[in-house]
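Colleague: I would like to follow one residue closely, beginning with its own surroundings and then moving out to the chains around it. Please take it slowly, since I am still learning to read structures of this kind.

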Amino acid sequence: MTAPVERDGAAPECESVPGPRANIPHRYRKKASFAWLGLLPFLLFVFIFMVIPAAGIVTGSFQDANGAFTLANVRNLFRANIISSYLITMKVSATTAALGGVLGFLIAYGISIGGLPRPLRAFMSTFSGVASNFAGVPLAFAFIATLGRVGLVTVLLRTLLGIELYDTGFNLYSFWGLSLTYTYFQIPLMILIILPALDGMKKEWREASENLGASTFQYWSKVGIPVLLPSLLAAFVLLFGNAFGAYATAYSLTGGLINLVPILIGAQIRGNVLHDANLGYALALGMVVVMTMTIAIYSWLQKLSSRWVK
Amino acid sequence: MRKKTGLSWLWFAIGMVYFFLPLLATFLFSLRGKKGVLSFVAYEHVFKDPQFLRTFGFSLEMAILTVILGLVLIVPTAIWVHLKVPKAKPFIELLTLLPFVIPPIILAFGLIKTFSRPPIVLVSSPLLLVAGYIIVAFPYIYRSVDAGLMAMDLRGLSEAAQSLGSSWITLLFKVVLPNLRTALLSATFLTLAIVIGELTLALILAWPAFGPYMALMGRNLAYEPAALAILSFALTWGSIGLIQLLTRGARDKGAKLGAVTH
């Protein structure tokens, strides 16, 4: 999905000319409201192909098979197997957001202020653009070739170190396998999101605090972390949502062995498991709620961090 | 300072291993089609499979339709927002976040529910798939065009053109679009890369596209899927590498790439 790399909201051309608005002749003001009509084709398209389908999911969650109002679907979301499905999806999302977030941050830090040569930075942001898009079916295949039963790493560990990876309890098609696979696109996404924030960390702050006698620890605890924290949390939240909504990678890797929420919804649509369309809508509704909260928190944190990051 | 650089290199190296090891493994795996020797036989099998060409052709067609219709819909809108209703900007930016809130699996579900019964039955038309793809690609297209518009002085240019007597059409085709060339190209390649390998919408809406074909191969074969993964990585890498090359000059304006689809 998306890494909305946001600019500070106020575009320069948005600023209205100061002065009493009442002086503007009436017909000009009228013209401005007609200008909104130019957006109509696009808004209509979004309405028909995104808003109405999404609304259909919401209404479907509160209907029974005959279309009558019911809360049964939402109540069914609290069945043990569905709760556990939400929990495992959150666990995968949080784990990969943490893993990808930490590694991505450390790499981004290295190429931004950690003293790595400049050309590496251009290379890294190009590469992150590609790698964060390398997901879905091909990514699943790549990890099967790497960590599957006859994968490169599995075989190397066996022949070089005598370690039977699959005897240690590891399985590519279970929690850790899936998490390592997701982390592949989480790291570059983190790099893309956090680089602008790191670029906002001014050298002068470090120098000023060192001149005032601050230790490295003091610099980070009093300046670095407070400035970066909103950006870091925002990035984590976005990575979380990114993993939560992922379907293609999980589908082609595990084929539905792990009951992630998207997998459950997919199975439901394709008529394999639940055979209860309205419960499917409720599942989808739950997911939309999680994603909405994610993006709301993200936007709020972004606003906090935009004080520093220009 | 020296120690810090060393640590930076370490993290960078770990990142590189994480990125490249799976690719290397996939490539080596794809060469093992014939027992005992390394060969490109898996690639031969892929290219000889009529299904490969058929599904790839279908996805390419869908991708091209998505690019054309998506640009026709979104580019004028973005220009209009910049020129006439800058107040709408935050609102449209909010809309670009919606496809994140409604991931492809949910979108597909909603599209099926909405368009499989009257008044509008569209599930048997590939246009519904294209519409879904436009929704998925819209944030990328919009952001790229938006960045392109920010980088040029649209207002000044349009005032200059109009005071010289040019019409709206002339303004659009002779002034604005040529200046947006890079942004349009990067939107195009990104959309192509996203749509061609897309699995979720195509699978749920039941179209014989490249994504579902790859997933099916993964179920039945061992080495051919690895070959497909390498081909598809080359495609993504090629498209996005090209964008980066094209937008190199404009990159200082801010990160405009940020794209994931699963």
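Modeller: In this predicted model, the residue to begin with is I144(A), which has its place in helix α6 (residues 137–147) of chain A. I144(A) counts as buried because 27 C-beta neighbours lie inside 10 Å, and the cut-off for that word is 20 or more. When its neighbours within four places in sequence are left aside, I144(A) is in contact with G151(A) and L172(A). Distance along the chain and distance in space can also be set side by side here, for I144(A) and I52(A) are 92 residues apart in sequence, and their C-alpha atoms are 39 Å apart in space.

The chain that holds this residue comes next. Chain A has 13 helices and 0 strands, and buried residues make up 42% of its 310 residues. If we take the contacts in chain A with a separation of 6 or more, 78% of them are between residues 24 or more positions apart.

Chain A also touches chain B, and 81 residues from chain A and 81 residues from chain B take part in that contact. On the chain A side, the largest share, 12 residues, comes from helix α2 (residues 40–61) of chain A. Sorted by class, that side of chain A has 57 nonpolar, 22 polar and 2 charged residues.

Across the contact, chain B has 12 helices and 0 strands, and 48% of its 262 residues count as buried. Its C-alpha atoms fill a box of roughly 75 × 70 × 30 Å along the principal axes. Among its contacts between residues at least 6 apart in sequence, 78% join residues at least 24 apart.

A useful helix to study in chain B is α5 (residues 104–115), whose 12 residues should span 16 Å at 1.5 Å a residue, and the end C-alpha atoms are indeed 16 Å apart, which agrees. Because 12 of the 12 residues of α5(B) are buried, this helix is largely enclosed by the rest of the structure. The buried residues include P104(B), F109(B), K113(B) and F115(B). Their packing partners come from both chains: α2, α12 (261–269) and α13 (277–305) of chain A, together with α6 and α10 (200–204) of chain B.

Within α5 of chain B we find A108(B), which counts as buried because it has 25 C-beta neighbours inside 10 Å. Not counting residues up to four places away in sequence, A108(B) touches G132(B), T200(B), L201(B), I204(B) and L205(B). Along the chain, A108(B) and A206(B) are 98 residues apart, while their C-alpha atoms are separated by 10 Å.

A second buried alanine is A227(B), in helix α12 (residues 223–246) of chain B; it counts as buried because 26 C-beta neighbours lie inside 10 Å. Apart from residues up to four places away in sequence, A227(B) touches S30(B), A42(B), Y43(B) and V46(B). A227(B) and E44(B) are 183 residues apart in sequence and 9.4 Å apart in space, C-alpha to C-alpha.

Two helices of chain B also show how a packed pair can be described. The axes of α3 (residues 50–83) and α9 (residues 181–196) of chain B come within 9 Å and cross at roughly 145°, and α3(B) passes α9(B) in a right-handed crossing. Among the residues that make this contact are A63(B), V67(B) and L71(B) of α3(B), along with L184(B), T188(B) and L192(B) of α9(B). The residues of this contact divide into 10 nonpolar, 5 polar and no charged.

Finally, the largest nonpolar core has 158 residues, and A284(A), V288(A) and V145(B) are the ones that touch the most other members. The largest share of this core, 16 residues, comes from helix α6 (residues 126–151) of chain B. Leaving aside its neighbours within four places in sequence, V145(B) is in contact with I74(B), V75(B), A78(B), L180(B), A183(B) and A187(B).

Note on methods: Residues numbered from 1 in each chain as written. Chains lettered and ligands numbered in written order. Predicted model: local features only at pLDDT ≥ 70, side-chain atom pairs only at ≥ 80, totals over all residues. Core = buried A, V, L, I, M, F, W, Y, C linked by C-beta atoms within 7 Å. Helix = DSSP H or I, 4+ residues; strand = E, 2+ residues; numbered from the N terminus. Contact = placed C-beta atoms within 7 Å. Nonpolar A, V, L, I, M, F, W, Y, C, P; charged D, E, K, R; others polar. Axes fitted to C-alpha atoms, helices over the stretch in contact; angles between N-to-C directions. Left-handed = near helix turned anticlockwise from the far one by under 90°. Expected span 1.5 Å × (residues − 1).
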